There are 2 protein chains.
Amino acid sequence: MEFTKRQQEIINTAIELIADKGIQELTIKNLSQKIGIAESAIYRHFKSKLDILLGILSLFRENKEHMNRQLTEMEATATDKLRHMLLKRFAYFAANRAVAAVIFSEELFRNDHRLSEQVYQIMQDNQQVIIGIITAGQQADEFRDDVSAKEMSFMITGALRLIVTQWRIAEYTFDLEQEGKRLWATIETLVKK
Amino acid sequence: MEFTKRQQEIINTAIELIADKGIQELTIKNLSQKIGIAESAIYRHFKSKLDILLGILSLFRENKEHMNRQLTEMEATATDKLRHMLLKRFAYFAANRAVAAVIFSEELFRNDHRLSEQVYQIMQDNQQVIIGIITAGQQADEFRDDVSAKEMSFMITGALRLIVTQWRIAEYTFDLEQEGKRLWATIETLVKK
DNA sequence: CTATTGTTTGTGAACGTTCACTCACAATAT
DNA sequence: ATATTGTGAGTGAACGTTCACAAACAATAG
């Protein structure tokens, strides 16, 4: 296990704090209070606040790699893979609001080069997976091939991010998964041959 | 004039500071040093730091309303309007990196209800304009009408935002306007009848 | 033209508060 | 008995903001 129980608790609490009120709410004081230990106890588990942020990103990364592995191992048409990926991610964010509030906030991780580098890598990895699916779909004659796979991936990922962001700003007042289905319907119509 | 010379200088310097190193670089001390006046002098022009942030948003809003007014008054096909809007915005961000770094960072404005309300309004206004153009294009038989205008607007705006964000994270190492043209080519191919 | 008054814009020192982090020490678990 | 985990008090630095005060300039009065 990469993180101890306590470390996981700290990371999850940190995500919740950020999700609730933004990055400036993530202080060692708030963190320790929410967990119910003293401030100094935090430093038994992480040597600095930066390491907690790195922990958050490492959790995101693990999660995303798991999703992607599942996806690439899947035996399915490109259309099914793309739909599966999209709807799965909407479902995940719907069930994990705190993560949804943090994961697209690049601003949170600009303090440090290590942080922004991680964010960039996660984004790039993700784009590659989607481009791969679209290209495969084009070669299998499922998707139209008169459009750039890269630009399509910008549109799909961009729409996903924008919808989740608006959902958060609107304080979760619409059904995210349903909106995800609507988005998929449009994508499918646009992209299929 | 809504803002005095000095106020505009403060707002622009604030945008530059945020663009450079993120929100935590925007302190009254850094701001005053960069301008070359004492910290306390800032308070001759804004009664609080929050008002400076509100000033930034008000500048964004003004700018966007100007663009939108220009667009709605334009005599052109929906296709031309959509292309014009998209390329214009890419050009604007290419020429105003500091603004590009700030404008999509909703996280910056989560401190205060007035701030996040403003951000939400700007996003909504923008979406309405794009939905309007697409709907008009569908009615004019320029665009395919078997897709939702709203979902299309998510994809277009989402792609724009994602590309600009990646451009910033990649430290401006690719040609943003060229990428904008590539995006437009894909959008046009997908959406035209 | 000069003296008086007011306004704007600036300054440096200080304010109370919060921040991340440290340390000597105590409790707990193995 | 030793290692792990927790504590409370304390650190210096940074934060936004306020304050008394001064220089510069304009407006007005004699």
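**Close-up views of the predicted model**

**Figure 1. Surroundings of A:Asn126 in the predicted model.** A:Asn126 counts as buried because its relative accessibility is 7%, below the 20% limit that applies to buried residues. The residue belongs to helix H7 of chain A, which covers residues 113-139. When neighbours within four places in sequence are set aside, the contacts of A:Asn126 are A:Lys64, A:Asn68, A:Arg89 and A:Thr157.

**Figure 2. The protein surface near DNA strand C.** Around DNA strand C there are 16 residues, and those that come nearest are A:Lys49, B:Arg6, B:Ala38, B:Arg44 and B:His45. By class, this surface comprises six nonpolar, five polar and five charged residues. Sugar or phosphate accounts for 41% of the atoms of DNA strand C within 4 Å of the protein, and bases account for the rest.

**Figure 3. Polar contacts to DNA strand C, at phosphate and at base.** A side-chain N or O atom of A:Lys49 is placed 2.6 Å from a phosphate oxygen of the strand. In chain B, a polar backbone atom of B:Ala38 lies 2.3 Å from a phosphate oxygen of DNA strand C. B:Ser40 addresses a base instead: a polar atom of its side chain is 2.6 Å from a base oxygen of DNA strand C. Two or more residues of the surface near DNA strand C are given by helix H3 (39-42) of chain A and by helix H3 (39-42) of chain B.

**Figure 4. The protein surface near DNA strand D.** DNA strand D is surrounded by 17 residues, of which A:Arg6, A:Ala38, A:Ser40, A:Arg44 and A:His45 are the closest. The surface divides into six nonpolar, five polar and six charged residues. Among the atoms of DNA strand D within 4 Å of the protein, 45% are of sugar or phosphate, and the rest are of bases.

**Figure 5. Polar contacts of chain A with DNA strand D.** An N or O atom in the side chain of A:Arg6 is 2.4 Å from a phosphate oxygen of DNA strand D. For A:Ala38, a polar backbone atom is 2.4 Å from a phosphate oxygen of the strand. The side chain of A:Arg44 has an N or O atom 2.2 Å from a base oxygen of DNA strand D. The elements that supply two or more residues to the surface near DNA strand D are H3 of chain A, with helix H2 (28-35) and H3 of chain B.

**Figure 6. The interface of chain B and chain A.** Here 45 residues of chain B are in contact with 46 residues of chain A. About 3,900 Å² is buried between the two chains, and carbon and sulfur atoms give 61% of this area. Within chain B, the residues that lose the most area to chain A are B:Glu107, B:Arg110 and B:Met155, together 18% of what that side buries.

**Figure 7. Polar pairs and helices at the interface of chain B and chain A.** Two salt bridges are counted between the chains. A:Lys150 forms a salt bridge with B:Glu179, with 3.8 Å between the closest N and O atoms. Across the interface, 12 residue pairs are in polar contact, both members being at pLDDT 80 or more. On the side of chain B that touches chain A, helix H1 (5-21), helix H7 (113-139), helix H8 (149-169) and helix H9 (176-191) of chain B each supply at least two residues. H8(B) provides the largest share of that side, 15 residues. The side of chain B that touches chain A has 19 nonpolar, 13 polar and 13 charged residues.

Technical notes: Residues numbered from 1 in each chain as written. Chains lettered and ligands numbered in written order. Predicted model: local features only at pLDDT ≥ 70, side-chain atom pairs only at ≥ 80, totals over all residues. Heavy atoms only, no water. Near = heavy atom within 4 Å. Polar contact = N/O pair within 3.5 Å; in protein donor to acceptor, adjacent residues only side chain to side chain. Helix = DSSP H or I, 4+ residues; strand = E, 2+ residues; numbered from the N terminus. Nonpolar A, V, L, I, M, F, W, Y, C, P; charged D, E, K, R; others polar. Contact = heavy atoms within 4.5 Å. Buried area = accessible area lost by both parts, 1.4 Å probe. Salt bridge = Lys/Arg side-chain N within 4 Å of Asp/Glu carboxyl O. Buried < 20%, exposed > 50% of the residue type's maximum accessible area, 1.4 Å probe, protein only.
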